[in-house]
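Visitor: Could you walk me through this one before I start poking at it myself? I'd like to take it piece by piece.

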Amino acid sequence: VLADAAPPALAKQQTIELDAAEPCPVQGDPTLIAVLLRNLIDNAIRYSPPGARIRVALARQASGVRLSVEDSGAGLGEAELARLGERFFRVAGSGQSGSGLGWSIVRRIADVHGLGVSAERSARLGGLAVRVTSPR
């Protein structure tokens with residue numbers, strides 16, 4: 001998924017970093033998990049400015065596995081964060097095309113797999129931080 005995301009990121013002079021020190025297997029449909037990841041990374045690329053940094057991290061935790069996708073873009077306000085996942089919701093003034101279904105798809109795939117999804121401001125990069133967690 002990251003290799004497929006490289007060309008549009010490179011076109012915007014963005015960097016994508018992967019931090020995955022060890023294998024972190026998760027049970028689920030590989031195609032759907034790839035769609036979930038693709039949506040999160042595509043959003044980070046689309047909504048971050050040229051030269052932005054995108055960090056994808058995968059780590060084991062006592063409670064399971066955590067995937068995070070963070071970017072150095074503008075991030076979202078509290079009201080916008082609360083609406084993520086609503087079908088057809090799009091952040092006003094983003095200047096990006098799309099149907100507003102990406103987050104809804106992410107949430108549905110997560111629900112089918114028993115995964116948790118949360119979004120907040122990235123303490124590390126300043127933009128959006130999305131966390132997907134799986135139970136042990």
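**Helix 2 and its surroundings**

Guide: Leaving aside residues up to four places away in sequence, L32 touches I109 and H113. L32 itself lies in helix 2, and bear in mind throughout that this is a predicted model.

Visitor: Is L32 buried or partly exposed?

Guide: L32 counts as partly exposed, because its relative accessibility is 33%. Its C-alpha atom is 9.1 Å from that of V106, although L32 and V106 are 74 residues apart in sequence.

Visitor: Let me step back a bit. What pattern does the protein chain follow along the sequence?

Guide: Reading along the sequence gives α-β-α-β-β-α-α-β-β, which comes to four helices and five strands. Of the 136 residues in the protein chain, 37% are buried. Among the contacts with a separation of 6 or more, 63% are between residues 24 or more positions apart.

Visitor: Back to helix 2, then. How many residues does it have, and what span does it reach?

Guide: Helix 2 covers residues 30-47, which is 18 residues, and from its first C-alpha to its last it reaches 26 Å, close to the 26 Å expected at 1.5 Å a residue. At the start of helix 2, a side-chain oxygen of D29 comes to within 2.9 Å of the backbone nitrogen of T31.

Visitor: Which residues in helix 2 are buried?

Guide: The buried residues in helix 2 are A34, L36, L37, N39, L40, I41, N43, A44 and I45. When reading such a list it helps to recall that an α-helix has 3.6 residues a turn, so residues three or four places apart point the same way.

Visitor: And what covers the buried residues of helix 2?

Guide: The cover includes helix 1 (2-11) and helix 4 (102-113), together with strand 1 (15-19), strand 2 (53-61), strand 3 (64-71) and strand 5 (128-135). On the helix 1 side, one pair to look at is A6 and I41, which are 35 residues apart along the chain and have their C-alpha atoms separated by 10.0 Å. A6 lies in helix 1, and it is partly exposed because its relative accessible area is 26%.

Visitor: I noticed an asparagine in that list. Why does N39 count as buried?

Guide: N39 has 17% relative accessibility, and the cut-off for buried is under 20%, so N39 counts as buried. Not counting residues up to four places away in sequence, N39 touches G102, I105 and V106.

Visitor: Which residues are buried in helix 4?

Guide: In helix 4 the buried residues are G102, W103, S104, V106, I109, A110 and H113, and they pack against helix 2, strand 4 (116-121) and strand 5. Helix 4 has twelve residues and reaches 17 Å from its first C-alpha to its last, close to the 16 Å expected at 1.5 Å a residue.

Visitor: What phi does G114 take, just after helix 4?

Guide: G114 takes a positive phi of about 70 degrees. Q13 also has a positive phi, near 55 degrees, and Q13 is a residue other than glycine. Q13 lies in the loop between helix 1 and strand 1, and it counts as exposed because its relative accessibility is 64%.

Visitor: Changing topic to the strands: what does S68 touch?

Guide: Leaving out residues up to four places away in sequence, S68 touches R55, V56, A57, V130 and R131. S68 is in strand 3, and it is buried because its relative accessible area is 2%. The C-alpha atoms of S68 and A129 are separated by 6.8 Å, with their positions 61 residues apart along the chain.

Visitor: Last topic, pockets. How much space lies in the second largest pocket?

Guide: The second largest pocket holds about 320 Å³ of space. The elements giving two or more residues to its lining are helix 2, strand 2, strand 3 and strand 5, and helix 2 gives the most, with four residues.

Visitor: Which residues lie nearest the centre of that pocket?

Guide: Of the 18 residues that line the second largest pocket, V26, I33, L37, L58 and L67 lie nearest its centre. The lining divides into 15 nonpolar residues, three polar and no charged.

Technical notes
Residues numbered from 1 in each chain as written. Predicted model: local features only at pLDDT ≥ 70, side-chain atom pairs only at ≥ 80, totals over all residues. Heavy atoms only, no water. Expected span 1.5 Å × (residues − 1). Buried < 20%, exposed > 50% of the residue type's maximum accessible area, 1.4 Å probe, protein only. Contact = heavy atoms within 4.5 Å. Polar contact = N/O pair within 3.5 Å; in protein donor to acceptor, adjacent residues only side chain to side chain. 1 Å grid on protein atoms, 1.4 Å probe; cavity = no way out; pocket = protein on both sides within 12 Å on 5 of 7 lines; lining within 4 Å. Points joined across faces, edges and corners; volume = space filled by probe spheres on them. Nonpolar A, V, L, I, M, F, W, Y, C, P; charged D, E, K, R; others polar.
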